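Here are some notes to read beside the sequence and the model. They take the strands first, then the core, then the cysteines.

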Amino acid sequence: MDLTKNTPSMFDKGVREVKVELRWDGSYDADVYAFALGNNKKCPTEGHFCFFKQLNILGGAIKHSGDMRTGDTITGEEPDEFMVFDLSKMPADVQDIVVCLSIYNAPNSGETFGMMSQFTATLITDNTKVAIIDLANNHGDNYGMEVLKISRVNGNWAVTPLGDS
């Protein structure tokens with residue numbers, strides 16, 4: 001899948017599961033989370049927000065792996081954190097899912113994405129790796145960013161890389 005920032009790319013018709021894996025190197029406490037948005041581009045309820053303290057939302061449509069407080073190695077077999085989106089279970093009131101990253105306690109620790117030399121997000125559909133997004137060294141002094149958006153488009157689903165901090 002060829003991903004271009006801010007340009008939607010359609011998933012193959014019938015894709016059921018999308019997984020976003022986060023890998024990083026170092027002692028940073030990075031976190032992945034997702035907002036399930038309605039047509040008005042807002043979370044209808046607190047139950048539409050998935051993060052390390054709310055691991056399973058919307059009847060299993062969105063799941064979080066749990067909190068990893070330090071990065072493993074970038075070359076490790078297992079991701080440090082990941083989220084799974086079961087598109088077949090996604091409620092009809094969800095139009096977009098925005099996947100974000102942040103560094104925990106960054107205002108106090110002074111840690112930023114610009115300090116990370118190795119930091120990636122891997123996009124997987126139905127157990128097939130389709131893209132790796134390099135997130136290192138391109139976000140300067142920021143400690144939070146929108147990584148990508150998964151959207152309903154004419155009865156199918158698309159992904160849009162954002163990379164906005």
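1. Start with one strand pair. S2 and S7 pair in the antiparallel sense, over six bridges. One of the contacts to look up is Lys19, whose bridge partner in S7 is Val84. Keep in mind that this is a predicted model.

2. Now widen the view. S2 and S7 belong to an open sheet of six strands, ordered S5-S6-S7-S2-S9-S10, with antiparallel pairing. The edges are strand S5 (56-57) and S10. Each has a single partner strand, so one side of each is left without a neighbour in the sheet.

3. Next, the interior. The largest nonpolar core has 41 residues. Ile62, Phe85, Met90 and Ile150 touch the most other members. Several strands each supply at least two residues of this core, among them strand S2 (17-24), strand S7 (81-86) and strand S11 (144-153). Another core lies apart from it, with five residues, including Tyr33, Val98, Cys100 and Leu162.

4. Ile150 deserves a closer look. Leaving out residues up to four places away in sequence, Ile150 touches Phe11, Val18, Phe85, Leu87, Gln95, Asp96, Ile97, Trp157, Ala158 and Val159.

5. Last, the cysteines. How many disulfides are there? The count comes to zero. Why is Cys100 not bonded to Cys43? The two sulfurs are 9.6 Å apart, too far for a bond, because a disulfide needs them within 2.5 Å. Cys43 is partly exposed, at 29% relative accessibility. Cys100 is buried, at 6%.

Key
Residues are numbered from 1 along each chain as its sequence is written. This is a predicted model: local features need pLDDT of at least 70, side-chain atom pairs count only at pLDDT 80 or more; totals for chains, interfaces and linings use all residues. Side-chain values use heavy atoms; hydrogens and water are left out. A nonpolar core is a set of buried Ala, Val, Leu, Ile, Met, Phe, Trp, Tyr and Cys residues joined through side-chain atoms within 4.5 Å. Buried means under 20% relative accessible area, exposed over 50%, partly exposed in between (1.4 Å probe, protein chains only). Helices (H or I, at least four residues) and strands (E, at least two) are DSSP runs, numbered from the N terminus. Contact means heavy atoms within 4.5 Å. Two strands pair if DSSP finds at least two bridges between them.
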